[in-house]
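Please open the model in a viewer and keep the sequence panel visible beside it. The tour below proceeds by selection, stating at each stop what is to be found there.

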Amino acid sequence: MRIRRYRPEDKTEPVIRKAIKDIDIEKYNEEQKKHLENVIPDMILDYMEKQNNIYYIAKEEDEIQGLAGINREEERISGIFVLPEKQSLGIGSKLLKRIE
C-alpha cells in the first residue's frame, strides 16, 4: 500500500460515493440522506482542489483504496473515505497518521 499526495488526475469520486453509500443511512432523515448522497461527494471534490486542504490517497495495485484530507487553516480533518470492502484493514488509520 502506497500513500501519496492527491493529484487532480486521481479518480477519487467512485471511492467517495461508495464510502458514502455504505453509511448506515437509516439513521438519517430524508433531507440528510439527500445531502449525503448528492452534496457531500461534490463538496469533497471541490475541497480537494482548494489550497488550504491537503488530501492523500491510499493506493494499491493502481486502485485507490481510500483518501483523507486536512484543512490546514482550521487544523481539522476535512474528509476520510475508504472503500467499504477495504475497511477494517487499517487504511483509514494509515491515512490519518499521514495527515497528522
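**First stop: helix α1 and its buried side**

In this predicted model, begin by selecting helix α1, residues 13-21, together with α2 (30-48), β3 (63-71) and β4 (76-82), against which the buried residues of α1 pack. Within α1, colour Val-15, Ile-16, Ala-19 and Ile-20, which are the buried residues of this helix. These residues lie on the same side of α1, because they cover an arc of only 125° around the axis.

**Second stop: Ile-20**

Keep α1 displayed and select Ile-20, which lies in this helix. Is Ile-20 buried or exposed? Its relative accessible area is 4%, and Ile-20 is therefore buried, the cut-off for that term being under 20%. Now show the neighbours of Ile-20: leaving aside residues up to four places away in sequence, Ile-20 touches Leu-36, Glu-37, Ile-40, Pro-41 and Phe-81. One of these contacts can be examined with a distance tool. Ile-20 and Pro-41 are 21 residues apart along the chain, and their C-alpha atoms are separated by 8.2 Å.

**Third stop: Phe-81**

Next, select Phe-81, which has its place in strand β4. With a relative accessibility of 10%, Phe-81 counts as buried. Which residues does Phe-81 touch, not counting residues up to four places away in sequence? They are Val-15, Ile-16, Ala-19, Ile-20, Ile-40, Ile-44, Gly-66 and Leu-67. The list includes Val-15, Ile-16, Ala-19 and Ile-20, the buried residues of α1 coloured at the first stop. For a view of how the chain returns to this region, draw a line from Phe-81 to Lys-18: the two are 63 residues apart in sequence, with 8.8 Å between their C-alpha atoms.

**Fourth stop: helix α3**

Move to helix α3, residues 91-99, and select Ile-91, Gly-92, Leu-95 and Ile-99, which are buried. Turn the model until the view runs down the axis of α3; the buried residues then fall within an arc of 95°, so they line one face of the helix. What does the face turned away from that buried side carry? Exposed residues are found there, namely Ser-93 and Lys-97. To see the cover over the buried residues of α3, add strands β1 (2-5), β2 (53-60), β3 and β4, which are included in it.

**Fifth stop: the loops**

Now leave the helices and strands and select Asp-24, in the loop between α1 and α2. Asp-24 has a relative accessible area of 44% and is therefore partly exposed. A line drawn from Asp-24 to Thr-12 joins C-alpha atoms separated by 21 Å, the two residues being 12 apart along the chain.

Proceed to Asp-62, whose place is in the loop between β2 and β3. Asp-62 is exposed, with 72% relative accessible area. Its backbone also merits inspection: phi of Asp-62 is near 65°, which is a positive value in a residue other than glycine.

Then select Ser-88, in the loop between β4 and α3. Ser-88 counts as exposed at 80% relative accessibility. Phi of Ser-88 is near 70°, again positive in a residue other than glycine.

**Last stop: the whole chain**

Finally, display the entire protein as a cartoon. How many helices and strands are there? The protein has three helices and four strands, and along the sequence they follow the pattern β-α-α-β-β-β-α. The C-alpha trace spans about 35 × 30 × 25 Å along its principal axes. The radius of gyration is 13 Å, which agrees with the value near 13 Å for a compact globule of 100 residues.

Colouring by accessibility shows the buried residues, which make up 38% of the 100 residues. With the surface switched on, about 6600 Å² is exposed, and carbon and sulfur atoms supply 45% of that area. If contacts are displayed, consider those with a separation of 6 or more: residues 24 or more positions apart account for 53% of them. As a final selection, highlight the 19 positive and 21 negative charges, whose mean positions are 4 Å apart.

Notes. Residues numbered from 1 in each chain as written. Predicted model: local features only at pLDDT ≥ 70, side-chain atom pairs only at ≥ 80, totals over all residues. Heavy atoms only, no water. Buried < 20%, exposed > 50% of the residue type's maximum accessible area, 1.4 Å probe, protein only. Helix = DSSP H or I, 4+ residues; strand = E, 2+ residues; numbered from the N terminus. Arc of directions from axis to C-beta. Contact = heavy atoms within 4.5 Å. Rg over C-alpha atoms; globule rule 2.2 N^0.38 Å. Areas by Shrake-Rupley, 256 points an atom, 1.4 Å probe, with all protein chains shown as cover. Lys, Arg positive; Asp, Glu negative; His and termini not counted. Charge placed at Lys NZ, Arg CZ, Asp CG, Glu CD.
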